[in-house]
Every structure is written in structure tokens, then in C-alpha cells.
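Grab your favourite viewer and work through the exercises below. Try each task before you read its solution.

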Amino acid sequence: MHNKIIAIVGGGQAAAMAAVALRQQGFDGEIHLFSNEPHQPYERPPLSKAMLLDDAPQLQPVLNTAWWQEKNVHLHLNVTIQTLGRQTHQLVLADGQSYPWDRLLIATGAAARPLPLLDKLGDRCFTLRHVDDATRLRDALLPGKSIVIVGA
């Protein structure tokens with residue numbers, strides 16, 4: 001695979017490791033990774049552990065910043081994709097920028113399933129998927145208060 005453009009949509013570990021695998025397998029074309037988060041891909045499991053318990057929690061990136069630069073993988077962070085362009089092979093962002101692609105990999109991960117009964121709790125109900133969710137939950141946790149966890 002030479003001189004092709006691969007667009008990876010997603011900002012989690014699967015997206016990051018796809019970029020790693022492409023470079024390890026000798027892909028020398030352009031790789032563009034698009035994420036709606038402002039952070040480079042980070043480990044999700046610590047969101048329910050270190051991010052909630054540590055005195056000074058830090059994001060744990062999947063790869064260090066230098067890797068992305070050394071391997072010439074273009075990170076497009078804090079962007080919203082408007083169109084994937086299945087027919088045109090043009091990925092269009094909400095701000096109008098467009099990027100051509102030869103191959104498209106969608107690695108957006110899973111989303112928490114809405115539970116209408118819990119939604120009635122309003123701001124007392126939290127979903128934990130992103131770093132901002134962990135920060136909001138951390139601020140709400142108080143010593144001596146009980147919580148209920150739904151899910152795994």
C-alpha cells in the first residue's frame with residue numbers, strides 16, 4: 001500500500017492502535033485521525049479509577065506526542081465530522097474543511113445505552129465515557145455518600 005490516504009474516525013485506543021498497526025505493516029501513505037475530543041487518544045479504563053481517586057489525575061495517552069509526529073500521523077482533534085463521503089471519498093468537517101481518503105476506518109467505539117428510568121434523575125445521573133464525564137463525576141463524589149453503579 002503506497003501513496004494512499006487512510007482516514008481513521010475515532011479518538012480512542014482502537015483508532016490509535018490502528019495507526020500503529022498500519023505503520024508497523026509498512027504503510028507509508030498519509031494517515032489522518034479525526035476525533036471529536038480535544039485530547040490525543042487516551043486510555044479509557046483509568047477514567048473509572050485513577051481519574052476519580054488520584055489527588056492530581058492525569059490523562060494517560062495511548063501513545064506519546066512524539067510518536068504521532070515521528071510516524072507522520074495527522075491528528076485532527078476537537079472536530080465534528082459532517083459527512084464521511086462514501087461516494088466522493090471526501091470527509092467533510094462541520095467547519096467546511098474537507099479531506100480526501102482512499103480507505104476509511106471507523107473506530108468510534110461504543111456509546112452508553114440510554115436508560116430512561118435513570119434519566120429522570122437529571123444531573124444526579126452520570127455516564128462515564130470521556131475525560132469530561134470523569135471530571136464531572138469526580139466533582140460530585142462526596143465522602144460518606146452512597147452511589148449506585150449500573151453497568152460494568
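## Exercise 1: the parallel sheet

Four strands make an open sheet in the order 3-2-1-7, and their pairing is parallel. This is a predicted model, so local features need pLDDT of at least 70 and side-chain atom pairs count only at pLDDT 80 or more, while totals for chains, interfaces and linings use all residues. Residues are numbered from 1 along each chain as its sequence is written, and side-chain values use heavy atoms, with hydrogens and water left out.

**Task.** Find the edges of this sheet, then look at how strand 1 and strand 2 pair.

**Solution.**
- Step 1: strand 3 and strand 7 are the edges, as each pairs on one side only. Strands here are DSSP runs of E with at least two residues, helices are runs of H or I with at least four, and both are numbered from the N terminus. Two strands pair if DSSP finds at least two bridges between them.
- Step 2: from one strand to the next, the twist averages 20 degrees. For such angles, axes are lines fitted to C-alpha atoms (for helices, over the stretch in contact), and the range is 0 to 180 degrees between N-to-C directions.
- Step 3: strand 1 and strand 2 are joined in the parallel sense by five bridges. Alanine 7 has histidine 32 in strand 2 as its bridge partner, and valine 9 sits opposite phenylalanine 34 in strand 2.
- Step 4: strand 2 is largely enclosed by the rest of the structure, because four of its five residues are buried. Buried is under 20% relative accessible area, exposed is over 50%, and partly exposed is in between (1.4 Å probe, protein chains only).

## Exercise 2: helix 1

**Task.** Check the span of helix 1 against its residue count, then work out what covers its buried residues.

**Solution.**
- Step 1: the expected span is 1.5 Å times one less than the number of residues. For the twelve residues of helix 1 (13-24) that gives 16 Å, and the end C-alpha atoms are 16 Å apart, so the two agree.
- Step 2: the buried residues of helix 1 are Ala15, Ala16, Ala18, Ala19, Val20, Leu22 and Arg23.
- Step 3: their cover includes strand 1 (5-9), strand 2 (30-34), helix 3 (65-70), strand 3 (73-76) and strand 7 (103-106). Contact, as used here, means heavy atoms within 4.5 Å.
- Step 4: glycine 26, just after helix 1, has a positive phi of about 95 degrees.

## Exercise 3: a charged residue in a loop

**Task.** Is glutamate 37 buried or exposed, and what does its side chain make a polar contact with?

**Solution.**
- Step 1: look in the loop between strand 2 and helix 2 (50-53), where glutamate 37 lies.
- Step 2: its relative accessible area is 7%, so glutamate 37 is buried.
- Step 3: the side chain of glutamate 37 has a polar contact with that of arginine 44, at 3.0 Å. A polar contact is a pair of N or O atoms within 3.5 Å; within protein, one must be able to donate a hydrogen and the other to accept it, and residues adjacent in sequence count only if both atoms are side-chain atoms.
- Step 4: setting aside residues up to four places away in sequence, glutamate 37 touches Tyr42, Arg44, Leu77, Asn78, His130 and Val131.

## Exercise 4: the sides of helix 5

**Task.** Which residues of helix 5 (131-140) are buried, and which are exposed on the other side?

**Solution.**
- Step 1: Val131, Ala134 and Leu137 are buried. They cover an arc of only 125 degrees around the axis, so they are on the same side of helix 5. The arc is taken from the directions running from the helix axis to the C-beta atoms.
- Step 2: here's the background: an α-helix has 3.6 residues a turn, so residues three or four places apart point the same way.
- Step 3: Asp132 and Asp139 are exposed on the other side of helix 5.
- Step 4: helix 2 is included in what covers the buried residues of helix 5.

## Exercise 5: the antiparallel sheet

**Task.** What is the strand order in the open sheet of three strands, and where does glycine 85 sit?

**Solution.**
- Step 1: the order is 4-5-6, with antiparallel pairing. Strand 4 and strand 6 (98-100) are its edge strands, and the twist averages 35 degrees from one strand to the next.
- Step 2: two bridges link strand 4 and strand 5, and threonine 83 has valine 92 in strand 5 as its bridge partner.
- Step 3: glycine 85 is in the loop between strand 4 (81-83) and strand 5 (90-93). Its relative accessibility is 9%, so glycine 85 counts as buried.
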